[in-house]
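I opened my notebook to see how some helices sit against each other. Here is what I looked up, in the order I looked.

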Amino acid sequence: MLINKSWITDAYETGMGSERFNLVLERALIHHINDIQACFNEAYRVLQENGIYIIQDRTPDDCLLAGNDYHIRGYIFERCPRLAEKEKNRRYNSQFVIKNLKVAGFKDIEEVKLWEVRKEYENKKQLLKDLSERTGRSILHELDDSELQLLINHIDGAISVEKSIIEKDRWTVWKAVK
C-alpha cells in the first residue's frame, strides 16, 4: 500500500482489505495527520500478521538541530523563531509516536535516526539562489521578501564553505511489527 500526501484523508480509512499487505510505508506523512491514532489503527488493520510498518518523518528534535554547513534547515529556524515554533507544533515527538503505535497494537518498535542528502550544491552561491527562489522549502513561503533576504544574509554569513555543499536533513524512522 502506498500512502502519499494526496491521500491524507484516506490514511484514516484506505478502503483496502484487512490483512492484505506485508509492508506499509509512510514517508513525510504523519506531520500532516491530525488523528495519528486513526492513521496507525488503519495501518494495523491492513497489515498481515507480522507485517511491517515503517514511518519516516521528522520530529521537532530533528528539525530544530543547530545549523551548520550541511544542516541548512537549522539556520532557518535560528533566524526565524516563529517558523521554528510552527515547525515544532506540527511535528510529533518520538515518545508520542511510539506510545500511539503501541496503542494500535504494534510490537517490536524500533527507532532509527538518519541523515538524508537533500541536495548537492556546487557552491554557496547556488544554495543562496535556491533559497531566494524558495525552491523545495514550503516553509519559506511564510516569510515576506525582506524576511527572506535577512535569512539569506544570515545563512551567507554562517556558512564557511565556498566549495560544494551537501545539504542534509535528519529524519526519524520507526519500524513496528503487527
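Before starting, I noted the angle classes: under 35 degrees counts as roughly parallel, over 145 as roughly antiparallel, 65 to 115 as roughly perpendicular, and the rest as oblique. I also kept in mind that this is a predicted model.

**Entry: the α3 and α7 pair.** I looked up the packing angle and found about 125°, with the two axes 10 Å apart. That angle falls in none of the three named ranges, so α3 and α7 are oblique to each other. I then checked the handedness: α3 passes α7 in a right-handed crossing. On the α3 side, the contact is made by Ile 72, Tyr 75, Ile 76, Glu 78 and Arg 79. From α7 come Leu 150, Leu 151, His 154, Ile 155 and Ala 158.

**Entry: α7 by itself.** Does the length make sense, I wondered, and what should the 14 residues of helix α7 span? At 1.5 Å a residue, residues 145-158 should span 20 Å, and the end C-alpha atoms are indeed 20 Å apart, so the two agree. Next I listed buried residues in α7 and got Leu 148, Leu 151, Ile 152 and Ile 155. Those cover an arc of only 100° around the axis, so they lie on the same side of α7. Their cover includes α3 (72-79) and α6 (124-132).

**Entry: a residue in α6.** Moving to helix α6, I picked Asp 130. Is Asp 130 buried or exposed? Its relative accessible area is 6%, under the 20% cut-off, so Asp 130 is buried. Setting aside neighbours within four places in sequence, I found Asp 130 in contact with Arg 118, Lys 119, Tyr 121, Thr 135 and Arg 137.

Terms used: Residues are numbered from 1 along each chain as its sequence is written. This is a predicted model: local features need pLDDT of at least 70, side-chain atom pairs count only at pLDDT 80 or more; totals for chains, interfaces and linings use all residues. Side-chain values use heavy atoms; hydrogens and water are left out. Helices (H or I, at least four residues) and strands (E, at least two) are DSSP runs, numbered from the N terminus. The expected span of a helix is 1.5 Å times one less than its number of residues. Buried means under 20% relative accessible area, exposed over 50%, partly exposed in between (1.4 Å probe, protein chains only). The arc is that of the directions from the helix axis to the C-beta atoms. Contact means heavy atoms within 4.5 Å. Axes are lines fitted to C-alpha atoms, for helices over the stretch in contact, and angles run from 0 to 180 degrees between N-to-C directions. A crossing is left-handed if the near helix is turned anticlockwise from the far one by less than a right angle, and right-handed if clockwise.
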